[in-house]
Amino acid sequence: MIIRQEKPEDYNEVYNVVQAAFASAEYSDGNEQDLVSALRKSEAFVAQLSLVALEDDRIVGHILFTEVKIGETTALALAPLAVLPEYQRRGIGTALIEHGHHIAAKLNYGCVVVLGSEKYYPKCGYQPAKKAGIVPPFDVPDENFMMCRLSDEFEHVSGVVKYPKEFGI
């Protein structure tokens, strides 16, 4: 597997990967692929943190980390993570997360928040954000809104997460 930064010529294929990955997802609004397209055009977009996974000479996974604010501190939101259904449960999603965390830390981001499966994301270092005093701007079970610290310097940051307008929150 190869993980690399997404390129503009990947956009159509990534759109299809995200759409296919969420077509049968337990929790999906069906618009994740459109969210990716909108976030690429936003001020919160960080090109180095839009990554693709390639296997068999094709894109089989995509992850996007976008800037958010927690109080006055800039952090990241992981949304979405998508892997083609036939490539799931092979470690591709985990590899994308780990690769993204590594790049984010190098770019001096200290924290990532995610709304997702309480069974999946803790394997990648995520814990309930509420324990750290980080709360979402919407109603969601505590176990599904998580955060992962990338730096100890972020230890004392808390507050409500402010998402870019493209999230529609």
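Contact here means heavy atoms within 4.5 Å. With that in hand, let's work through some exercises on this predicted model.

**Exercise 1.** Find which residues leucine 78 is in contact with, leaving aside its neighbours within four places in sequence.

*Solution.* Start with the partners that come before leucine 78: Ile63, Leu64 and Phe65. Then add Ile97, followed by Val112, Val113 and Val114. Tyr121 and Tyr126 complete the set.

**Exercise 2.** Place Leu78 in the largest nonpolar core, and find which element gives the most to this core.

*Solution.* The core has 59 residues. Leu78 is among those that touch the most other members, along with Ile70, Val113, Tyr126 and Ile134. Next, look at the elements: those giving two or more residues include H1, H2, E3 and helix H3 (92–106). Strand E4 (73–83) is also one of them, and E4 gives the most, with 8 residues. As background, nonpolar side chains tend to be buried together in soluble globular proteins.

**Exercise 3.** Describe how helix H1 (residues 11–23) and helix H2 (residues 32–40) meet.

*Solution.* First the geometry: the two axes come within 8 Å and cross at roughly 145°. Then the residues: H1 brings Tyr11, Val14, Tyr15, Val18, Gln19 and Phe22, while H2 brings Glu32, Gln33, Asp34, Val36, Ser37 and Arg40. Sorted by class, the contact has 6 nonpolar, 3 polar and 3 charged residues.

**Exercise 4.** Characterise the second largest pocket by its space and its lining.

*Solution.* The space comes to about 250 Å³. Lining residues include Ser42, Glu43, Lys69 and Tyr163. By class, the lining has 6 charged, 4 nonpolar and 2 polar residues. Finally, strand E3 (residues 58–70) supplies the largest share, 3 residues.

Methods: Residues are numbered from 1 along each chain as its sequence is written. This is a predicted model: local features need pLDDT of at least 70, side-chain atom pairs count only at pLDDT 80 or more; totals for chains, interfaces and linings use all residues. Side-chain values use heavy atoms; hydrogens and water are left out. On a 1 Å grid over the protein atoms alone, a cavity is a set of points where a 1.4 Å probe fits but cannot get out, and a pocket is an open set with protein on both sides within 12 Å along at least five of seven lines; lining residues have an atom within 4 Å of a point. Grid points are joined across faces, edges and corners, and a volume is the space filled by probe spheres set on the points. Helices (H or I, at least four residues) and strands (E, at least two) are DSSP runs, numbered from the N terminus. Ala, Val, Leu, Ile, Met, Phe, Trp, Tyr, Cys and Pro count as nonpolar, Asp, Glu, Lys and Arg as charged, and the others, Gly among them, as polar. Axes are lines fitted to C-alpha atoms, for helices over the stretch in contact, and angles run from 0 to 180 degrees between N-to-C directions. A nonpolar core is a set of buried Ala, Val, Leu, Ile, Met, Phe, Trp, Tyr and Cys residues joined through side-chain atoms within 4.5 Å. Buried means under 20% relative accessible area, exposed over 50%, partly exposed in between (1.4 Å probe, protein chains only).
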